[in-house]
Structures are given as structure tokens and as C-alpha cells.
Amino acid sequence: MRTSWSRHPALIAVASLAVLTGCSSSSDSGSDSGTSQDAASSSAVPVVASTNVYGDIAKEIGAGRVKVTSIVSDPSQDPHSYEANTRNQLALSKAKVVIENGGGYDDFVDRMLKGGNNASPEVINAVKTSGRTAPEGEELNEHVWYDFPSVAKLADRIAAGLAKADPDHASTFTKNAKAFKAKLKPLEAKERQIKSDHEGEAVAITEPVPLYLTEASGLENKTPEAFSEAIEEGDDVSPKTLQSTLALFSGKKVKALVYNEQTTGPQTKKVEGAAKKAGIPVVSVTETLPEGKGYIAWMTANVDALASALDQ
Ligand SMILES: [Zn+2]
């Protein structure tokens, strides 16, 4: 969502380092196209994804026919406060397919597309594809990659986007999307299992990233909205809001804390400390893919960690 960089000079330094790391990951992604990289890259569809979450899904569906660059791929970096650079701009200028989250999450993609010279990439917006909108009186939760029905829709949309760029392999993309969607089904089954075991139980979060997952699992988020929204925006939490958040743990009002490792600060650390002190399990989640994990393995680990925390 909206981020004010001027108020977070420390984050800028972190982001600059992360950009360097991100670039090396990007070239790694390129070499995934195969050992005969030159031959492959000449025919592979250039895809740019705002984060490695969407980059990984594109690789699954493109299977060897895509050359994917993920703009944000450093697990220590908060994508909410990412500042794009010229290297990202260059990758975007060559992209045939662009995958962005939308919903205010990665506005840098639209800004660069507007300012760049790539006239006709196929732009895929995960939030728009999901059909998710803000519930009445609330803000849209833009973290739709934690929402498996939304991800299934996105898989089809990516297959269609790749087919436009490479019509000869349209049926391969469709087949791969179908196989990918089949792997989402066990994740939804796990959510239903949590729901049947723990429906109505209360949890706390630090930031809204896991909310589609906790909602589909039948759990109730007790965190004051002012807390999780401030953390998402990179703002300070008022002392009163912090106190009422901490009271969830000291009063044992929640069964687990779902902790976003990618949007941390002194106030989330206090919350984590309070949970640990009260013996309440902490489930770590992230915005982007952890190193060495694909989307399905990552989400399986997330859902399993949530289930075992609640079973404690
Ligand atoms: Zn977030």
C-alpha cells in the first residue's frame, strides 16, 4: 500500500542492498530456461513479475518456454516499500508478459510501464484477476497470493497471457496451468481441515499478509486493525493500539500469532516477545518466496505451520 520513504531512511539503505541481490537472482531465473541458454532465450517468452511469488508461478506454467525476471526476490526486503531501479525498467521494456499484484501493492510496475517504452506487453494484474474487492467499510486485502481460489484464476490468466505471446505452445501452457491448479487442491483441503478442527478460534497477526489463509481456515483475527495497517504501511503504532495488541497475549485471548517476517520493526518484535512470553505459538510467514522453495512447497509449509500451532 502507500509507503512514505522519507520517513524510513533506514529502509532505503536496506532496499538498495536488496536490489543488488535481487538482480543476481534475476539472472539466475534467466538461466532456468535451460542449459542451452542462448538458444532457449531467443525463443523463450520474456516475463517480468513484480515478486518471485508470481515469477515462480509463471515458471511452473511456462515450463522452459519463459525467461522470468522477478523484481523483488529478497526475503529480507519489504515489497510494500520497494523502489524500482533502471535495471528493473530495462527488464520491463523487454517483457512480453508482465505479472503484477495490483491493489496498491506494487505500483512501481505501473509507474515504470507508463514511463517506459514497452508499448504492448500483456499485463496481468493478480488482484483484478481474482475479482476480490474491499469488503464494505474495509480496505481491500491485496495479498491475494495467500488466497488459493485467486491463485487458481491467476494460473489460467497466466496461461492465456503466455499463449498470446507464444501461440504455438498454448496447449502446453493450458496443460501446465491445469497441473498447477491440481496442486492447489490439497492446500484448500488442509484449510478445510483446520476449519473443521478449529473454527472460530482467535489468532493475531502483525500485518495482513496471511488473512486470506486464516479466514479460509475459519479463524478469527483479533488484532486491532490500527495495528496491522500501521505495520503494513510502515507507520508507527500508537501506544494505546500497541497496548491493546499486547493484551491479546498476556490475556491469552488468541491461540497463535501469525508473524510477517518481512515487515518487522521494534513494535512487531514487542508483539512477538509478548506471544513467546505467554507461551503462544508464533507462525512465521513472508511476503515473498523463501530461498529454495517453490510456491506450492512454500504454501504447504505455511498451512502446515498454522495447523500445528493451533493443535498445540
Ligand atoms: Zn503485506
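Begin by selecting the zinc ion in this predicted model, where His80 and His143, each through NE2, and Glu207 and Glu287, each through OE, coordinate the metal at 1.9 to 2.1 Å. With the 4 donor atoms displayed, the angles among them come to 92 to 127°, and the site is tetrahedral. If you then follow the chain from donor to donor, the spacing reads H-x62-H-x63-E-x79-E.

Keep two of these donors selected and colour the elements around them. Histidine 143 sits in the loop between helix 6 (126-130) and helix 7, while glutamate 287 sits in the loop between strand 8 (282-285) and helix 13 (295-311), so this pair ties together parts that are 144 residues apart in sequence. Are these two donors buried or exposed? Histidine 143 counts as buried because its relative accessibility is 0%, under the 20% cut-off, and glutamate 287, with a relative accessible area of 0%, is buried as well.

Next, select tyrosine 54 and Tyr295, the residues that touch the most other members of the largest nonpolar core, which holds 55 residues. Helix 7 (residues 148-165) supplies the largest share of this core, with 9 residues. Around tyrosine 54, leaving aside neighbours within four places in sequence, you can pick out contacts with Ala49, Ile99, Glu100, Asn101, Ala126, Val144, Trp145 and Leu154. Elsewhere a second, separate core of 18 residues can be shown, with Phe227, Ile231, Ala274 and Ile280 among them.

Stay with helix 7 for a moment and select alanine 152, which lies in this helix. Alanine 152 has a relative accessibility of 17% and therefore counts as buried, the limit being under 20%. Beyond its neighbours within four places in sequence, alanine 152 is in contact with Lys181 and Leu184. A distance drawn from alanine 152 to serine 130, C-alpha to C-alpha, gives 8.8 Å, although 22 residues separate the two in sequence.

For the last stop, show helix 8 (residues 170-198) together with helix 13. How do these two helices lie relative to each other? Their axes are 10 Å apart and the packing angle is about 10°, which is under 35 degrees, so helix 8 and helix 13 are roughly parallel to each other. On the side of helix 8, the contact is made by Phe180, Lys183, Leu184, Leu187, Lys190, Glu191, Ile194 and His198. Helix 13 contributes residues including Tyr295, Ile296, Met299, Val303 and Leu310, and Tyr295 is also one of the two residues picked out earlier in the largest nonpolar core.

Note on methods. Residues are numbered from 1 along each chain as its sequence is written. This is a predicted model: local features need pLDDT of at least 70, side-chain atom pairs count only at pLDDT 80 or more; totals for chains, interfaces and linings use all residues. Side-chain values use heavy atoms; hydrogens and water are left out. A nonpolar core is a set of buried Ala, Val, Leu, Ile, Met, Phe, Trp, Tyr and Cys residues joined through side-chain atoms within 4.5 Å. Buried means under 20% relative accessible area, exposed over 50%, partly exposed in between (1.4 Å probe, protein chains only). Helices (H or I, at least four residues) and strands (E, at least two) are DSSP runs, numbered from the N terminus. Contact means heavy atoms within 4.5 Å. Donors are N, O and S atoms within 2.8 Å of the metal (3.2 Å for Na, K and Ca); water is not among the atoms, so sites may look incomplete. Four donors count as tetrahedral if all angles lie between 85 and 135 degrees; four count as square planar and six as octahedral if opposite donors are over 155 degrees apart and all others between 65 and 115; anything else is irregular. Axes are lines fitted to C-alpha atoms, for helices over the stretch in contact, and angles run from 0 to 180 degrees between N-to-C directions. Angles under 35 degrees count as roughly parallel, over 145 as roughly antiparallel, 65 to 115 as roughly perpendicular and the rest as oblique.
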